[in-house]
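Me: I have a model open and want to learn how to read it. Can you take me through it feature by feature?

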Amino acid sequence: FVIKDEFKGLLDAHAKVLVRNGGKRLVVEGHTDDRGGREYNLALGQKRAEAVAKSLALLGVQESQLEAVSFGKEKPAVAGSTEAAMEKNRRAEISYR
């Protein structure tokens with residue numbers, strides 16, 4: 001649940017939008033691959049989502065604008081159990097509300 005350097009610019013762009021528009025809310029969804037149990041993956045997905053939300057808060061976004069939720073392994077981005085598929089399923093997705 002460490003944010004890769006390649007995504008820091010994207011988070012900065014989202015932070016700028018949210019800081020300029022205090023009425024906007026954002027949900028960060030944490031996802032995992034299908035290895036491990038349900039509870040483990042829900043906790044890991046939550047940590048992943050919270051890491052993104054915390055990064056946005058450090059960039060000036062109000063915590064009231066952010067919500068972090070976990071879907072664990074319940075909503076895979078791609079099907080399959082190859083390493084490439086599992087890598088795509090380990091993610092955080094951002095959606096505005």
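What follows is a short dialogue on reading this fold.

Reply: Keep one thing in mind: this is a predicted model. Begin with the list of elements.

Me: How many helices and strands are there in the protein?

Reply: There are three helices and three strands. Read from the N terminus, the elements run α-β-α-β-α-β.

Me: What does the radius of gyration say about the protein?

Reply: Compare the value with the rule for a globule. Here the radius of gyration is 14 Å, and the globule rule gives 13 Å for 97 residues. The two are close, so the protein is as compact as a globular protein of that length. For outer dimensions, use the box: the C-alpha atoms fill roughly 40 × 25 × 20 Å along the principal axes.

Me: What share of the 97 residues is buried?

Reply: Buried residues make up 32% of the 97. On the outside, the protein exposes about 6000 Å². Carbon and sulfur atoms supply 54% of that area.

Me: How do I read the contacts by sequence distance?

Reply: Take contacts between residues at least 6 apart in sequence, then ask how many reach further. In this protein, 73% of them join residues at least 24 apart.

Me: Now the interior. Which residues form the largest nonpolar core?

Reply: First the general idea. In soluble globular proteins, nonpolar side chains tend to be buried together. In this model the largest nonpolar core has 12 residues. They are I3, L11, A15, L18, L26, V28, A49, V52, A53, L56, V61 and L66. Three elements give two or more residues each: α1 (8–20), β1 (26–31) and α2 (38–58). The largest share, four residues, comes from α2.

Me: Pick one core residue. What does V28 touch?

Reply: Skip residues up to four places away in sequence. V28 then touches A49, V52, A53, E67, A68, V69, A92 and E93. A49, V52 and A53 from that list are also core members.

Me: How should I read the two faces of a strand?

Reply: In a regular strand the side chains alternate between the two faces of the sheet. So check each face in turn. For β1, L26, V28 and G30 lie on one side, and V27, E29 and H31 on the other. Both faces are covered, and all of these residues are buried.

Me: Why is β1 called largely enclosed?

Reply: Count its buried residues, where buried means under 20% relative accessible area. Six of the six residues of β1 pass, so the strand is largely enclosed by the rest of the structure.

Me: Which strand runs parallel to β1, and over how many bridges?

Reply: That is β2, residues 66–72, joined to β1 by six bridges. Two positions let you find the register. V27 stands opposite E67 in β2, and H31 has G72 as its bridge partner there. The chain gets from β1 to β2 through α2, and this β-α-β crossover is right-handed.

Me: In which sense do β1 and β3 pair?

Reply: The sense is antiparallel, again over six bridges, with β3 at residues 91–96. Look for E29 in β1: its bridge partner in β3 is E93.

Me: Let me try the intermediate positions. Where is V19, and what does it touch?

Reply: V19 sits in helix α1. At 45% relative accessibility, V19 counts as partly exposed. Beyond its neighbours up to four places away, V19 touches L59, G60 and V61. L59 is 40 residues away in sequence, yet the C-alpha atoms are 8.7 Å apart.

Me: What is the relative accessible area of K16?

Reply: It is 45%, so K16 is partly exposed. K16 also belongs to helix α1. Its C-alpha atom is separated by 8.3 Å from that of G60, 44 residues along the chain.

Me: Which helix holds A43?

Reply: A43 is found in α2. With a relative accessible area of 39%, A43 is partly exposed. A43 and S70 are 27 residues apart along the chain, with 7.4 Å between their C-alpha atoms.

Me: Last, a loop residue. Where is D34, and what is it in contact with?

Reply: D34 is found in the loop between β1 and α2. D34 is partly exposed, at 44%. Leaving aside neighbours within four places, D34 is in contact with N41, K73 and M86. From D34 to V78 is 44 residues in sequence and 11 Å in space, C-alpha to C-alpha.

Note on methods
Residues numbered from 1 in each chain as written. Predicted model: local features only at pLDDT ≥ 70, side-chain atom pairs only at ≥ 80, totals over all residues. Heavy atoms only, no water. Core = buried A, V, L, I, M, F, W, Y, C linked by side-chain atoms within 4.5 Å. Buried < 20%, exposed > 50% of the residue type's maximum accessible area, 1.4 Å probe, protein only. Contact = heavy atoms within 4.5 Å. Pairing = 2+ DSSP bridges. Right-handed = clockwise from strand over helix to strand, strands pointing away. Rg over C-alpha atoms; globule rule 2.2 N^0.38 Å. Areas by Shrake-Rupley, 256 points an atom, 1.4 Å probe, with all protein chains shown as cover.
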